[in-house]
Amino acid sequence: QVQFVESGGGLVQPGGSLRLSCAASGFPFSAYGMSWYRQAPGKAREWVAALSSAGGTTNYLTSVKGRFTISRDNAKSTLYLQMNYLKPEDTAVYSCNVGFTVAPWDDYWGRGTQVTVSS
């Protein structure tokens, strides 16, 4: 059974940092490009960042480029998102799923992890 378990969120002041983790299981993690997504209150889910299966190619939402870094550890089947210089508009529930050259698997969204940026 495919499963994504996100962690690492919390409350942080503007300008602060957080590192999110996503433990994946139930599929060959190293064979898939992966992405982080987020959903703010009252808004649709949006894609944030993507990473190729081997980790050599990244893509970012324009508004997070230069502040967020996506990475992965294929030996641990874990995806990461380092978020620096956080802004209030980054407040959302962050989730991971497959997604680089494929669409996310809609049947397997995890609970996500809440990130709140506020003073």
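**Reading a predicted structure together**

Mentor: Let's start with one residue: Arg38 has a relative accessible area of 6%, so Arg38 is buried. The cut-off for that word is under 20%. Keep in mind that this is a predicted model.

Trainee: Which side chains meet Arg38 in a salt bridge?

Mentor: The general idea is that side chains of opposite charge can pair when their charged atoms come close. Here, the side chain of Arg38 forms a salt bridge with that of Glu46, at 2.7 Å from N to O. Arg38 also forms one with Asp90, where the closest N and O atoms are 3.1 Å apart. That second pair links distant parts of the chain: Arg38 sits in strand E4, while Asp90 is in the loop between strands E8 and E9, 52 residues apart.

Trainee: Is Glu46 buried, exposed or partly exposed?

Mentor: Glu46 counts as partly exposed because its relative accessibility is 32%. Asp90, by contrast, is buried, with a relative accessible area of 1%.

Trainee: Which other residue forms a salt bridge with Asp90?

Mentor: That is Arg67, with the closest N and O atoms 2.7 Å apart. This pair also links distant parts of the chain: Arg67 is in the loop between strands E6 and E7, and 23 residues separate it from Asp90. Both Asp90 and Arg67 are buried. Through shared partners, the salt bridges join Arg38, Glu46, Arg67 and Asp90 into one network.

Trainee: How many salt bridges does a search of the whole structure find?

Mentor: The search finds three. For a charged residue in another setting, look at Lys65, in the loop between E6 and E7. Lys65 is exposed, with a relative accessible area of 53%. From Lys65 to Trp109 the C-alpha to C-alpha distance is 24 Å, and the two are 44 residues apart in sequence.

Trainee: Now the strands. Which residues of E1 are on its covered face, and which on the uncovered one?

Mentor: In a regular strand the side chains alternate between the two faces of the sheet. In E1, residues 3–7, Phe4 and Glu6 make up the covered face, whereas Gln3, Val5 and Ser7 are on the uncovered one.

Trainee: In what order do the strands of the open sheet lie?

Mentor: Strands of a sheet pair through backbone hydrogen bonds, either parallel or antiparallel. The open sheet here has four strands in the order E1-E3-E8-E7, with antiparallel pairing. E1 and E7 are the edge strands, each pairing on one side only. From one strand to the next, the twist averages 15°.

Trainee: How many bridges join the strands at each end of that order?

Mentor: E1 and E3 pair over five bridges, and one partnership across them is Glu6 with Cys22 in E3. At the other end, six bridges join E7 to E8, and Arg72 has Leu79 in E8 as its bridge partner.

Trainee: Which strands pair with E9?

Mentor: E4 pairs with E9 in the antiparallel sense over six bridges, with Gln39 partnered by Val93 in E9. E10 is joined to E9 by three bridges, also antiparallel, and there Ala92 stands opposite Val115 in E10. Six of the seven residues of E9 are buried, so E9 is largely enclosed by the rest of the structure.

Trainee: What does a search for disulfides find?

Mentor: It finds one disulfide. Cys22 and Cys96 form it, with their sulfur atoms 1.7 Å apart. Because Cys22 lies in strand E3 and Cys96 in strand E9, the pair ties together parts that are 74 residues apart in sequence. Both cysteines are buried.

Trainee: Last one: how many residues are in the largest nonpolar core, and which have the most contacts inside it?

Mentor: In soluble globular proteins, nonpolar side chains tend to be buried together. The largest nonpolar core here has 30 residues, and those with the most contacts inside it are Phe4, Trp36, Leu79, Leu81, Met83 and Tyr94. E3, E4, E5, E7, E8, E9 and E10 each supply at least two residues of this core. Take Phe4 as your example: leaving aside its neighbours within four places in sequence, its contacts include Cys22, Phe27, Met34, Cys96, Trp105 and Tyr108.

Conventions: Residues are numbered from 1 along each chain as its sequence is written. This is a predicted model: local features need pLDDT of at least 70, side-chain atom pairs count only at pLDDT 80 or more; totals for chains, interfaces and linings use all residues. Side-chain values use heavy atoms; hydrogens and water are left out. A salt bridge is a side-chain nitrogen of Lys or Arg within 4 Å of a carboxyl oxygen of Asp or Glu. Buried means under 20% relative accessible area, exposed over 50%, partly exposed in between (1.4 Å probe, protein chains only). Two strands pair if DSSP finds at least two bridges between them. Axes are lines fitted to C-alpha atoms, for helices over the stretch in contact, and angles run from 0 to 180 degrees between N-to-C directions. A nonpolar core is a set of buried Ala, Val, Leu, Ile, Met, Phe, Trp, Tyr and Cys residues joined through side-chain atoms within 4.5 Å. Contact means heavy atoms within 4.5 Å. A disulfide is a pair of cysteine sulfur atoms within 2.5 Å.
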